[in-house]
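Here is a short briefing to read alongside the coordinates. Feel free to keep the viewer open and pick out each residue as you go.

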Amino acid sequence: MSENLIIGILIIISGLFSLISSIKNWEFFFSHTRARFLVRILGRTGARIFYGILGLALCTGGILMAFKIISR
């Protein structure tokens, strides 16, 4: 397995976690110290949108890295 593939898969998993957390509105995710900062600034809905977009961006980047379209 190439290093790009392993890193790409890890980035995809992180992106999926962020995306699913924003869709499911998981309390444990949004009550974490770092997420609470964004919830205070953007509100709960704004933070969910931010983390959803972040998750999509991470998934896209992970896929591009796994297929060696971009490299580390």
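Starting at the N terminus, the elements of the protein chain follow the order α-α-α. That amounts to three helices and zero strands. Please keep in mind that this is a predicted model.

**Overall layout**

- Along the principal axes, the C-alpha atoms of the protein chain fill a box of roughly 40 × 20 × 15 Å.
- The protein chain has 72 residues, and 26% of them count as buried.
- Among contacts in the protein chain with a separation of 6 or more, 54% link residues that lie 24 or more positions apart.

**How helix 1 and helix 3 pack**

- Helix 1 covers residues 3-24 and helix 3 covers residues 33-66; their axes come within 7 Å and cross at roughly 160°.
- Because angles over 145 degrees count as roughly antiparallel, this crossing makes helix 1 roughly antiparallel to helix 3.
- The crossing of these two helices is left-handed.
- On the chemical side, the residues of the contact between helix 1 and helix 3 comprise 15 nonpolar, nine polar and one charged.

**The largest nonpolar core**

- Which residues make up the largest nonpolar core? There are six in all: Phe29, Phe30, Ala35, Leu38, Ala47 and Tyr51.
- Two elements, helix 2 (27-30) and helix 3, each give two or more residues to this core.
- Helix 3 provides the largest share of the core, with four residues.

**Tyr51 and its surroundings**

- Tyr51 is itself a member of the largest nonpolar core.
- Setting aside residues up to four places away in sequence, Tyr51 touches Phe29, Phe30, Ala35 and Leu38, among others.
- Those four residues are also listed in the largest nonpolar core.
- The other residues that Tyr51 touches include Ser18, Leu19, Ser22 and Arg34.

**Asn4, a residue of helix 1**

- Asn4 has its place in helix 1.
- Is Asn4 buried or exposed? Its relative accessible area is 13%, and since buried means under 20%, Asn4 counts as buried.
- What does Asn4 contact, leaving aside neighbours within four places in sequence? Its partners are Met65, Ala66, Lys68, Ile70, Ser71 and Arg72.
- Of these partners, Met65 and Ala66 fall within the residue range of helix 3, 33-66.

Terms used: Residues numbered from 1 in each chain as written. Predicted model: local features only at pLDDT ≥ 70, side-chain atom pairs only at ≥ 80, totals over all residues. Heavy atoms only, no water. Axes fitted to C-alpha atoms, helices over the stretch in contact; angles between N-to-C directions. Parallel < 35°, antiparallel > 145°, perpendicular 65-115°, else oblique. Left-handed = near helix turned anticlockwise from the far one by under 90°. Nonpolar A, V, L, I, M, F, W, Y, C, P; charged D, E, K, R; others polar. Core = buried A, V, L, I, M, F, W, Y, C linked by side-chain atoms within 4.5 Å. Buried < 20%, exposed > 50% of the residue type's maximum accessible area, 1.4 Å probe, protein only. Contact = heavy atoms within 4.5 Å.
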